[in-house]
Amino acid sequence: MIWAAVLSTSVGCYALKALGWSVPARWLAGERLQRAAALLPLALLAALIVVQAFGSGHSLSIDARSAGLAAAGIAVLRRAPFLVVVLAAAATAALVRAL
Amino acid sequence: MDAAAPNPARSRVVRNAAAIGLAVGAYGLSFGAAAVTAGLSTLQACVLSLVAFTGASQFALVGVLGAGGSAAAGVAGSLLLGSRNTLYGVRLSSLLGIQGPKRYLAAQVTIDETTAMSTAAAPEVRRVAFWATAASVYGLWNLSTLLGALGAGAVNTSSLGLDAAVGAAFLALLAPQVRDRVGLRVALGGALLAAAAIPLAPAGVPVLIAGLAVLPAVLRR
């Protein structure tokens, strides 16, 4: 099942890129389509943050991962580089679990 | 700037491309680790990076699978995130003027970083910016995915807090994209929709429902 997901994501993501290089530009020039494509990642990434940091099965919980996210938030506000943001979250979660 | 150097604009572009590759490498390490933590094999992580080659979509798939979501929900969320590359392709194909079979190679490396670099570059170094960024990001993304996957396979990922790194990665991706109040509203709307949907919908589906948060901004005239 994981292979099916990996392969369809891989082929699908390439097809989406190739589509842009293949269709006439005016087909995808609609203002609303452009705006939707620009904003969609914001909604999906925010949702993924909630699922990753607070979701456990069908309930929301505050745990070591949420503490990790808070640390990441502080790092982002201080304009830390990507690796620092990720490591701050991992180290904080590890610390909370070790306590 | 050294005006006597041969083509300073070109070497500056190449230097920037190398720097972007290094930054992406850090992200690739966390992707490889996250994929293995979510239950993928090292080979599966590497196939995603080699073929799908678009970070947020790859993270989205392993995030959903790791949370126990169905393959269909994971793939759907991943493709929704990848749809922006279609618009990048439209823009780059008119901007770069690449013809013939090379277009299909260019399509594979049409992502956030290459689009940002080539649209920001001066017209005479635009193609250099595109291909240099492509080479640097593709090479380091795949190398770091492999290293991250091998590294995570060798350690206890939960006690090292690596599961918390995925949410942090999404936050680091999201933050620079929230540039105005519309963006902020869409992001908050997506987060609230996901939180509301988690108790009700199967794993992975809350992420898709969150996509509806763009509707008010898109439908408004």
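Which domains does the domain assignment give for chain B? Domain 1 covers 8-160, and domain 2 covers 178-221. Keep those two ranges at hand. One caution before the tour: this is a predicted model.

**Stop 1: all of chain B**

Select chain B and show it as a cartoon. Twelve helices appear, and zero strands. Walk from the N terminus, and every element you pass is an α. The radius of gyration of chain B is 19 Å, close to the 17 Å that the globule rule gives for 221 residues, so chain B is as compact as a globular protein of that length. Along the principal axes, its C-alpha atoms fill a box of roughly 65 × 55 × 35 Å.

Now colour chain B by burial. Of its 221 residues, 54% count as buried. Contacts also reach along the sequence: among those in chain B between residues at least 6 apart, 70% join residues at least 24 apart.

**Stop 2: helix α1 of chain B**

Select residues 8-37 of chain B. This is helix α1, with 30 residues. How far apart are its end C-alpha atoms? They are 44 Å apart. That agrees with the expected span, because 1.5 Å a residue should also give 44 Å. Step just past α1(B) to B:Gly39, which takes a positive phi of about 105°.

**Stop 3: between the domains of chain B**

Give 8-160 and 178-221 of chain B two colours, one for each domain. Their C-alpha centres lie 24 Å apart. Where they touch, domain 1 of chain B puts in eleven residues and domain 2 of chain B puts in seven. On the domain 1 side, α3 (55-66) and α4 (71-82) of chain B each supply at least two residues. Zoom in on α4(B), which gives the most to that side, with five residues. By class, the domain 1 side holds six nonpolar, five polar and no charged residues.

**Stop 4: the domains of chain A**

Switch to chain A. Select 1-55 for domain 1, then 62-99 for domain 2. The C-alpha centres of these two domains lie 27 Å apart. How many residues of each domain are in contact with the other? Four from domain 1 of chain A meet four from domain 2 of chain A. The domain 1 side of this contact has three nonpolar residues, one polar and no charged.

**Stop 5: where the chains meet**

Show both chains together. The contact takes 63 residues from chain A and 83 residues from chain B. On the chain A side, the elements giving two or more residues are α1 (2-22), α2 (31-54), β2 (59-60), α3 (64-77) and α4 (82-98). Which element provides the largest share of that side? Select α2(A), which provides 20 residues. Colour the chain A side by class: 45 residues are nonpolar, 13 polar and five charged.

**Stop 6: the largest nonpolar core**

Stay with α2(A) and look for the core. The largest nonpolar core has 111 residues. The residues with the most contacts inside this core are A:Ala43, A:Ala47 and A:Ala89. Again α2(A) leads, giving the most to the core with 15 residues.

End on A:Ala43. Which residues is A:Ala43 in contact with, leaving aside its neighbours within four places in sequence? Select B:Val186, B:Ala187, B:Gly189 and B:Gly190. Then add B:Ala210, B:Gly211, B:Ala213 and B:Val214 to complete the set.

Methods: Residues are numbered from 1 along each chain as its sequence is written. Chains are lettered from A and ligands numbered from 1 in the order in which they are written. This is a predicted model: local features need pLDDT of at least 70, side-chain atom pairs count only at pLDDT 80 or more; totals for chains, interfaces and linings use all residues. Two residues are in contact if their C-beta atoms, placed from the backbone, lie within 7 Å. Helices (H or I, at least four residues) and strands (E, at least two) are DSSP runs, numbered from the N terminus. Ala, Val, Leu, Ile, Met, Phe, Trp, Tyr, Cys and Pro count as nonpolar, Asp, Glu, Lys and Arg as charged, and the others, Gly among them, as polar. The expected span of a helix is 1.5 Å times one less than its number of residues. Domain bounds come from an automatic or database domain assignment. A nonpolar core is a set of buried Ala, Val, Leu, Ile, Met, Phe, Trp, Tyr and Cys residues joined through C-beta atoms within 7 Å. A residue is buried if 20 or more other C-beta atoms lie within 10 Å of its own, exposed if 12 or fewer, and partly exposed in between; C-beta atoms are placed from the backbone. The radius of gyration is taken over C-alpha atoms; the globule rule is 2.2 Å times the number of residues to the power 0.38.
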